[in-house]
Amino acid sequence: MIFKVDLVREKRSTRFLTRTQPERLNPAHPLQWLVLLVLSFSADLFAAADEQPNRIDSGPSQARPHIIVFLIDDLGVMDTSVPFLVDPQGQPVKHPLNEFYRTPHLERLAGQGTRFSQFYAMSVCSPTRVSLLTGQTSARHRTTQWIDPAQRNAGRFDPVDWNWAGLKPDSVTLPRLLQQAGYRTIHCGKGHFGPFDSLGSDPTQLGFDLNIGGSAAGQPGSYYGKENFGNIPGPRERWGVPSLQAYHGQDLFLTEALTREFNRSLREAVANQSPFFGYFAHYAVHAPFQPDSRFIDHYPGVSKQLAAFGALVEGVDHSLGQVLAQLEESGVAEQTLIVFVGDNGSDSPRGDQNAISCAAPLRGKKGTHYEGGIRVPCLIAWAKPQPDHPLQKQWPIAQGKILEQVTAIYDLTPTLLQLATGSSAGLPQPTDGRSLWPELAGTAPQRDADFLMHFPHEHRSSYFSAFRRGDWKLVYHWLRPESERFELYDLAVDPAESTNLVEREGRQLEAMAKALQHALLQADAQPPLTEDRAIPLEFQLPRKR
Ligand SMILES: [Ca+2]
């Protein structure tokens with residue numbers, strides 16, 4: 001055994017198995033009454049089967065969609081060869097950074113599915129990961145900072161009780177809900193859901209049946225099999241990637257080892273006729289930027305660090321290609337949904353953190369309040385488009401389309417839950433996400449939404465809240481003097497956030513500040529503390545201009 005397996009499946013609740021009725025059915029139509037009747041009959045069959053041990057997955061699994069989420073660590077919106085940004089007409093624009101990276105498999109997938117030009121995550125790792133599993137913005141779930149697994153990390157003015165402990169065994173999570181709905185839930189790669197020695201640091205405590213390589217660590221001790229992926233006695237041993245002992249000592253890159261194990265877990269699920277949810281959270285492309293010998297020669301003429309970063313990105317794309325090939329070989333590609341998404345802005349080793357550099361033409365990088373810190377790539381596609389496949393008919397995804405509406409990491413949670421169970425009910429309440437299926441079909445009008453990113457901590461940008469509404473973006477700096485407290489940008493005309501419109505757009509500033517204040521209240525956000533650390537800071541509206 002090289003990984004932990006939880007085979008106690010018969011104890012699962014049956015209550016989610018009755019949620020097989022798609023929300024889009026309209027019982028007013030006589031034929032749809034018939035469909036409802038059949039679905040309700042099948043739900044009863046499911047419930048009956050569940051009472052008998054080991055039969056939970058023996059139902060019509062071929063009719064149920066499989067789901068794979070590729071969550072790529074520190075992959076910003078400009079870190080691939082697929083253009084995610086669009087011109088004013090909504091057409092994709094290739095920028096120089098798109099020319100630098102090589103992600104041919106992602107390019108192919110982009111042609112098969114729908115991608116998002118304004119998709120947001122939180123500015124660092126753990127907040128985004130908890131958001132994806134719960135459907136809540138970080139201000140609400142309160143894991144607002146990355147979790148240092150070794151000690152409670154907090155700056156001088158951080159809220160005392162921000163959720164450093166992260167997720168816990170009683171947290172309601174997407175994998176738990178899918179597990180209860182009869183899915184085989186597979187965790188592969190980086191966890192980073194809780195600190196060392198916490199139950200939540202073990203993905204199998206959070207609703208995953210299987211954990212390949214996940215722990216409290218937010219980065220790998222080493223990408224090299226020859227270095228046992230960091231499992232070498234010494235002070236950094238706890239950062240060693242667990243459960244890959246079979247590859248220790250081998251000349252094999254971590255991205256490849258994880259992919260082999262992930263594909264093995266897919267083959268096992270298919271052999272067991274089990275619908276699966278594969279959460280494949282690559283450690284790449286997070287630091288340390290160690291060269292992957294398979295791809296490093298593709299990046300001549302740049303710094304060693306930059307070449308290594310390019311090779312990390314290409315390795316992830318290669319992994320995507322291997323998984324797509326496995327799905328095809330296993331005969332389940334037509335019924336497998338792929339989500340490809342980054343967890344925060346780029347951390348590529350180029351330029352100043354506030355410059356227009358590693359996310360060019362956008363400003364900033366991972367950890368900053370600028371768009372380069374929080375805008376990530378997101379693409380949703382069927383692994384093999386076949387429009388007349390029953391599942392793809394029921395859940396159509398427009399091919400090659402780009403949606404410009406403001407969307408966020410927590411929108412994926414209800415989207416995936418609805419696909420798997422027919423309903424997005426069951427998530428922690430209140431939820432901040434909404435299912436994206438109406439827009440994915442490519443026929444419904446786009447629905448814009450607000451986006452709140454709250455960060456009462458110290459990092460590259462410290463103690464800020466950022467808020468999107470329409471084309472406007474407001475940034476509130478909690479600890480700065482009044483004259484520097486607000487930044488206001490019109491991203492439609494100034495995507496690089498070069499001109500602060502605070503003085504020129506007084507009325508817009510006031511409206512956006514009130515909207516941000518309301519969003520913070522709605523999320524029950526924790527403000528940073530006052531200078532003497534006695535009480536939480538109060539949000540200050542701008543003075544009348
Ligand atoms: Ca990250």
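**Exercise 1. Locating a cis peptide bond**

In which loop is Pro430 found?

*Solution.* The model is a predicted one, and the first step is to follow the chain to the loop between helix 11 (412-421) and helix 12 (437-440), where Pro430 is found. The second step is to look at the peptide bond that joins Gln429 and Pro430, which is cis, with omega about -5 degrees. A further cis peptide bond runs from Ala284 to Val285, with omega near 15 degrees, and Val285 has its place in the loop between strand 7 and helix 8.

**Exercise 2. Describing a pair of packed helices**

Describe how helix 7 and helix 8 pack, giving their angle, the distance between their axes and the handedness of their crossing.

*Solution.* A pair of packed helices is described by the angle between the axes and by the distance that separates those axes. For helix 7 (residues 254-271) and helix 8 (residues 304-330), the angle is about 20 degrees and the axes are 10 Å apart. Angles under 35 degrees count as roughly parallel, and therefore helix 7 and helix 8 are roughly parallel to each other. As for handedness, the crossing of helix 7 and helix 8 is right-handed.

The next step is to list the residues that meet: helix 7 contributes Thr255, Thr259, Phe262, Asn263, Leu266, Arg267 and Val270, while helix 8 contributes Gly315, Val316, Ser319, Gln322, Val323, Gln326 and Ser330. Sorted by character, the residues of this contact comprise five nonpolar, eight polar and one charged. When reading the list, it helps to remember that an α-helix has 3.6 residues a turn, so residues three or four places apart point the same way.

**Exercise 3. Reading an open sheet**

Work out the order of the strands in the open sheet of four strands, and name its edge strands.

*Solution.* The order is 12-13-14-15, and the pairing is antiparallel. The edge strands are strand 12 (451-455) and strand 15 (486-490), each of which pairs on one side only. From one strand to the next, the twist averages 10 degrees.

To examine one pairing in detail, take strand 12 and strand 13 (residues 464-469), which pair in the antiparallel sense over five bridges. Within strand 13, Ser465 is the bridge partner of His454. Finally, one can look for a helix against the sheet: helix 13 (residues 506-522) lies across strand 12, strand 13, strand 14 (472-477) and strand 15, and it runs at about 110 degrees to strand 13.

**Exercise 4. Following a covered strand**

Find the strands that pair with strand 5 in the parallel sense, and decide how many residues of strand 5 are buried.

*Solution.* Strand 5 (residues 184-189) pairs with strand 7 (residues 276-282) in the parallel sense over six bridges, and in strand 7 the bridge partner of Thr185 is Phe277. Strand 5 also runs parallel to strand 6 (residues 210-212), to which three bridges join it, and here His187 stands opposite Asn211. As for burial, six of the six residues of strand 5 are buried, so that the strand is described as mostly covered.

**Exercise 5. Positive phi in residues other than glycine**

Are Arg142 and Phe229, both with positive phi, buried or exposed?

*Solution.* Begin with Arg142, whose phi is near 70 degrees although the residue is not a glycine, and which is found in the loop between helix 5 (138-141) and helix 6 (174-180). The cut-off for a buried residue is 20 or more other C-beta atoms within 10 Å, and because Arg142 has 23 C-beta neighbours inside 10 Å, it counts as buried.

Phe229, also not a glycine, has a positive phi of about 50 degrees and lies in the loop between strand 6 and helix 7. With 28 other C-beta atoms within 10 Å, Phe229 is buried.

**Exercise 6. An enclosed helix**

Explain why helix 4 is described as largely enclosed, and identify elements that cover it.

*Solution.* In helix 4 (residues 125-134), 10 of the 10 residues are buried, so the helix is largely enclosed by the rest of the structure. Its buried residues include Cys125, Pro127, Arg129 and Leu132. Among the elements that cover these buried residues are strand 2 (66-72), helix 5, helix 6 and helix 11. Gly135 follows helix 4 and has a positive phi, near 80 degrees. For the wider setting, buried residues make up 53% of the 545 residues in the protein chain.

Methods: Residues are numbered from 1 along each chain as its sequence is written. This is a predicted model: local features need pLDDT of at least 70, side-chain atom pairs count only at pLDDT 80 or more; totals for chains, interfaces and linings use all residues. Axes are lines fitted to C-alpha atoms, for helices over the stretch in contact, and angles run from 0 to 180 degrees between N-to-C directions. Helices (H or I, at least four residues) and strands (E, at least two) are DSSP runs, numbered from the N terminus. Angles under 35 degrees count as roughly parallel, over 145 as roughly antiparallel, 65 to 115 as roughly perpendicular and the rest as oblique. A crossing is left-handed if the near helix is turned anticlockwise from the far one by less than a right angle, and right-handed if clockwise. Two residues are in contact if their C-beta atoms, placed from the backbone, lie within 7 Å. Ala, Val, Leu, Ile, Met, Phe, Trp, Tyr, Cys and Pro count as nonpolar, Asp, Glu, Lys and Arg as charged, and the others, Gly among them, as polar. Two strands pair if DSSP finds at least two bridges between them. A residue is buried if 20 or more other C-beta atoms lie within 10 Å of its own, exposed if 12 or fewer, and partly exposed in between; C-beta atoms are placed from the backbone.
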